[in-house]
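Me: Please take me through one part of this structure up close, starting from a single side chain and its partner. Plain words are fine, since I'm new to this.

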Amino acid sequence: IKVDMQLQTEDLVIKEKHFGRVTGRGEYRYRWRRENLFSTSFEGKNLSGRLEYDLNRRTLKLDFSELAFDEKLLGVEQSLSGSFAGRMFADFNKKTLSLEGNVKDMIFQDIQINSADLSLGLDYKEKPKGEVSFASDVLELKGRFYEKDFWGLLKVRGLPYQRENVRARVFYEGYISYVAGTPESLGRGYLSDLYIYNRFIGRSDFNLILKGQDFLVSGEGTGFKLNASGNIKDESIKGVLTFTGFNFQERGIGLSNIVGLVSFEVIDKKVQAEGRLEGKLSQEKVQTLANLEFNIKLLEGKPEGEFKSILKNVKLGDLEFKNGLLVGSVKNQKLILTYSLEEKLKGSGIFSLSDYTFNTEGRWEGELKGSFLMISYRLRSCSKTACKGELVGRAKFKDITIPINARFDYKGEMLRANVKGFDFRRGPIKVRVGELRLEEGKIFFSGGSV
């Protein structure tokens with residue numbers, strides 16, 4: 001007996017997944033004591049292949065050219081999608097099932113895998129049990145399952161990771177299980193190309209203990225160590241960073257040989273950190289050893305808090321100071337600070353963290369290269385390429401006192417300056433110096449007299 005047939009359904013539903021209209025062409029063949037077989041092709045949106053069912057042997061063979069899947073089809077809660085091409089074979093007498101094929105364009109939560117080989121062996125004589133293997137270029141999972149429980153090994157090789165202000169490539173190898181609805185893992189790995197708030201950290205090795213939604217992690221990188229605990233579901237983490245010679249550079253500011261402890265906590269996308277650090281700071285012609293205490297909060301990458309830094313061996317170009325003090329606070333993207341150097345220099349300023357401009361004013365009173373200066377200064381709207389400022393005071397060279405009243409304004413390569421004229425007397429001699437101006441690269445001097 002041979003029967004040709006055509007199949008059609010307007011909306012094929014498997015579990016809760018809808019495939020829409022599916023059509024097929026097939027046949028039924030029967031030979032006495034030899035053959036009792038039904039076979040058909042099927043084709044629809046995101047579903048195509050061929051089915052063959054042997055009624056005598058009670059075996060089913062499915063060859064999928066394409067099978068789109070998601071969390072509804074597989075009966076899982078996590079977000080999942082992808083496409084499968086391969087073969088499934090089921091023996092209803094032996095109560096076994098095997099599956100082999102390739103998974104493409106798989107997205108699991110935030111993880112994307114372009115291609116992976118999948119194999120599965122299932123025995124359901126009593127309760128479902130078997131083996132599964134999933135292997136791609138970045139992720140490999142092998143193990144055994146019994147009903148809804150799973151035990152196996154997980155290998156991750158350079159899986160891209162990005163969450164909030166952290167991105168890296170993950171390498172990991174360890175034991176993994178899912179028993180009674182609780183995931184567990186124990187292993188070690190490392191993060192390469194680690195960036196935090198777009199700042200390059202490098203490589204960080206770590207050990208991981210995961211039980212349910214809670215985890216313990218210990219890590220180590222170049223110049224730092226980490227011990228922390230947290231919860232995956234609420235995206236929280238709390239721990240201690242130990243710096244053992246960490247080096248860092250940001251916008252021309254170099255921090256080197258940093259040592260100390262920082263306690264931190266991240267919860268509800270809020271970061272709070274406090275600690276004490278020591279290290280060397282350098283920027284162009286500025287160098288100092290700093291001892292820093294701070295308590296800072298970060299909300300969406302914007303800091304708020306207070307800090308205090310004791311400075312030692314300060315170098316500003318050719319000038320050297322034994323000690324100094326820097327006290328400040330951060331709020332509304334502004335760094336507000338006061339500073340002093342050996343009681344000679346005292347001032348305050350505001351630095352903008354949004355456009356990196358600053359304003360500062362203060363007073364210098366002390367010796368400077370053979371002279372004694374008493375000068376008040378004010379700098380406004382300063383950046384790397386522009387600044388406005390004024391100096392008012394007096395300078396004493398031996399027994400001569402010279403008043404100072406000057407203003408300047410530069411932008412790019414253009415500098416304008418104005419120094420008011422002054423008089424000074426030495427014995428019976430009176431000297432008058434006229435005004436000095438600098439504009440467009442030219443010096444204008446109003447002269448002088450004796």
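Reply: A polar contact is a pair of N or O atoms within 3.5 Å; within protein, one has to be able to donate a hydrogen and the other to accept it, and residues adjacent in sequence count only if both atoms are side-chain atoms. Lys17 and Asp70 are joined this way through their side chains, at 3.5 Å. This is a predicted model, where local features need pLDDT of at least 70, side-chain atom pairs need 80 or more, and totals for chains, interfaces and linings use all residues. Numbering starts from 1 along each chain, and side-chain values use heavy atoms, without hydrogens or water.

Now look at where Lys17 sits. Its home is strand β2, residues 17–31 (a strand is a DSSP run of E, at least two residues, numbered from the N terminus). With a relative accessible area of 14%, Lys17 is buried (under 20%; exposed is over 50%, partly exposed in between, with a 1.4 Å probe and protein chains only). Leaving aside neighbours within four places in sequence, Lys17 is in contact (heavy atoms within 4.5 Å) with Leu12, Ala68, Phe69, Asp70, Lys72 and Leu73. So Asp70, the polar partner, turns up among these neighbours too.

Next, follow the chain to strand β5, residues 59–70, which gives five residues to the largest nonpolar core, the most of any. Such a core is a set of buried Ala, Val, Leu, Ile, Met, Phe, Trp, Tyr and Cys residues joined through side-chain atoms within 4.5 Å. This one has 62 residues, and Phe84 and Phe134 touch the most other members. Zoom in on Phe134: beyond four places in sequence, its contacts include Val103, Met106, Ile113 and Ala116. The charged Asp117 and Glu140 are also on its contact list.

Two other residues are worth a click. Lys95 lies in the loop between β6 (80–91) and β7 (96–108). It's partly exposed, at 35% relative accessibility, and its phi is near 60°, a positive value in a residue other than glycine. Asp105 is in strand β7 itself. Its phi is positive as well, near 50°, and Asp105 is exposed, with a relative accessible area of 52%.

Back at the start, then: Lys17 is buried and makes its polar contact with Asp70.

Conventions. Helices (H or I, at least four residues) and strands (E, at least two) are DSSP runs, numbered from the N terminus.
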